Amino acid sequence: MTHKKDLSDDQLLRLMLAGDEDALAQLYCRRQASVYRFALQMSGSTSIAEDVTQEVFLFLMREGNVFDPARGSVGAFLLGVARNHVLRRLRVEHLLSPLTDDHDDDGTVLPSGAELGVLDDLTRAETIETVRRAVLSLPPKYREVVVLCELQDVSYVEAAEILGCAIGTVRSRLHRARALLLAKLRPAENAADANSASVKSARCFA
Amino acid sequence: MNCQRFESVVAELARAQMMEADVRAEALAHSDECEHCLARLRDEETLTRGLRLLAADMESMSAPAELEGKLLEAFRSRSVVVPIAAVPSRSRYWLVAIAAMLLIAMSAVAMWWRSETPQQRLAEKAPASKPVETLSGPTQAAPKDVEFRAGGDNIVKPQAPKRVRQNPVARRTPETQMANHVTNEIATDFMPLGDMSPASLQDGGQIVRVKLRRSALIRFGFPVNMDRYNENVKADVLVGVDGLARAIRFVQ
């Protein structure tokens, strides 16, 4: 199995489809974490994330031959499959509707840049939890670009392949998603200002 | 750079994405001059930092170890199952093919049988087939028919099929008209009557065309024009095998 570490994902997939179990083990080892994290960040549920990871690799075993290297990488293909499974699960479990803003209105504000460096672990944990909740409360089409581009560090090009849309769409959705996140993370009194930020900037021509 | 342009690049700037050096320099210069844009940049940077904290926090997360074992087990079992499943699938293919061919043959026979009219079958069965044959020619001249009929009163009975068969267009016209009539009609769905359940509509029965007062529509929740209150409307009543009316539909 050691020599398989040097093989590309495409080669491993081909070997796996030919019945090579080690190739599957290697491919799983390489890709499971990103698939699992994507599902977890999209759903907020470890059970959904586990189920989706399993479904994705079972799909790869059954129908891995539908993968077309010309259309993107194996990683992007797996994330695309994971996305479909997550959205299906969310639809089934009626989780597609954004979370209520009750938890966002508890006055938690993202610490400023200067504050972040000196905050203790507890505050850091709170910050992470606040951001996690804000991300989960986004509508799915914005949530998925944030998860891919911000949390999974996927490029715009790959995100476009995974989501099956244009790069410009990814860019504009991410822009909108960040604006929504900022609005959720700001104190309530500044929320209105945040929504009109673009209007304000248009008036200033410094 | 103005604020509008700054707004379009501020997220990239905060995320430290690849961008042209002069655009970055212009954006930073603008943020030094514009307080609002500086605050905007700070916000975006803070958000980026928060998201990176979250990403870093989740970086070590991965699927449970037992999942790999389950998948490898499934992979092994799949390798065993596939060749076994291949054998019955081939025989099933032939069974399906034979069944399809039989179905096609049966439908062809059924179509041929239905294309024959009851009159044709009656004529074939009738003992006095010769006069019918004589009269059934499509180019048969009318006077000849008259002569033939005049020749013997005992062949009055075959005249009925004869007359029908002499003019196939005339024979088909009522059916065609009915078909056209049916296709031109608009009907509601059958509505169960009384305490009949919708499932009882599956029991079969006979459909009887009736005329009702327009006011009867009110009982079924349809709007009624009060000016035409006393007019009749057509309806089909589904009468069950026990003679009870099971359902009704309105026809226009």
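Two strands count as paired if DSSP finds at least two bridges between them. In this predicted model, strand S1 and strand S4 (residues 245–251) of chain B just get there: they pair in the antiparallel sense over two bridges. One of the contacts behind that pairing can be named, since Pro192(B) has Ala247(B) in S4(B) as its bridge partner. The pair belongs to an open sheet of four strands in chain B, with the order S1-S4-S3-S2 and antiparallel pairing. S1 (191–192) and S2 (206–213) of chain B stand at the edges, and each has a single partner strand, so one side of each goes without a neighbour in the sheet.

Chain B also has something to show on its surface. Tyr93(B), Trp94(B), Ile98(B) and Leu102(B) together make a nonpolar patch of about 480 Å². Tyr93(B) sits in helix H4 of chain B, which covers residues 65–115. With a relative accessible area of 52%, Tyr93(B) is exposed, because the cut-off for that label is over 50%.

How far can chain B be trusted? Its mean pLDDT is 71, and 64% of its residues reach 70 or more. Over residues 80–87 of chain B, the pLDDT is below 50, and this stretch has zero contacts in the model beyond near neighbours in sequence. Helix H3 (residues 35–58) of chain B has the highest confidence in the chain, at a mean of 88, whereas helix H7 (residues 142–151) of chain B has the lowest, at 40. Residues 128–180 of chain B also stay under 50 in pLDDT, and for them the model has 24 contacts beyond four places in sequence. Where pLDDT is low, the predicted coordinates are not to be read in detail. For the complex, the predictor gives an ipTM of 0.76 and a pTM of 0.54.

Chain A is built from eleven helices and has zero strands. Of its 206 residues, 48% are buried. Among contacts in chain A with a separation of 6 or more, 62% are between residues 24 or more positions apart. Chain A exposes about 9900 Å², and carbon and sulfur atoms supply 51% of that area.

Helix H7 of chain A is mostly covered, with eleven of its twelve residues buried. The buried set mixes side chains of several kinds, including Arg143(A), Glu144(A), Val146(A), Leu148(A) and Cys149(A). Just after H7(A) comes Asp153(A), with a positive phi of about 55°, even though this residue is not a glycine. Asp153(A) is placed in the loop between helix H7 (140–151) and helix H8 (156–163) of chain A. Is Asp153(A) buried or exposed? At 66% relative accessibility, Asp153(A) counts as exposed.

Another residue worth a look in chain A is Arg89(A), found in helix H4 (residues 74–92). Its relative accessibility is 22%, so Arg89(A) counts as partly exposed. Which residues does Arg89(A) touch, leaving aside neighbours within four places in sequence? The contacts are with Ile48(A), Asp51(A) and Val52(A). Arg89(A) and Ser43(A) are 46 residues apart in sequence, with a C-alpha to C-alpha distance of 8.7 Å in space.

Conventions. Residues are numbered from 1 along each chain as its sequence is written. Chains are lettered from A and ligands numbered from 1 in the order in which they are written. This is a predicted model: local features need pLDDT of at least 70, side-chain atom pairs count only at pLDDT 80 or more; totals for chains, interfaces and linings use all residues. Side-chain values use heavy atoms; hydrogens and water are left out. Patches are made of residues with over 30% relative accessible area and no salt bridge: like charges are joined within 9 Å, nonpolar side chains (Val, Leu, Ile, Met, Phe, Trp, Tyr) within 5 Å. Accessible areas come from the Shrake-Rupley method with a 1.4 Å probe; for residues, only the protein chains shown count as cover. A salt bridge is a side-chain nitrogen of Lys or Arg within 4 Å of a carboxyl oxygen of Asp or Glu. Buried means under 20% relative accessible area, exposed over 50%, partly exposed in between (1.4 Å probe, protein chains only). pLDDT is the predictor's confidence in each residue, from 0 to 100. Contact means heavy atoms within 4.5 Å.
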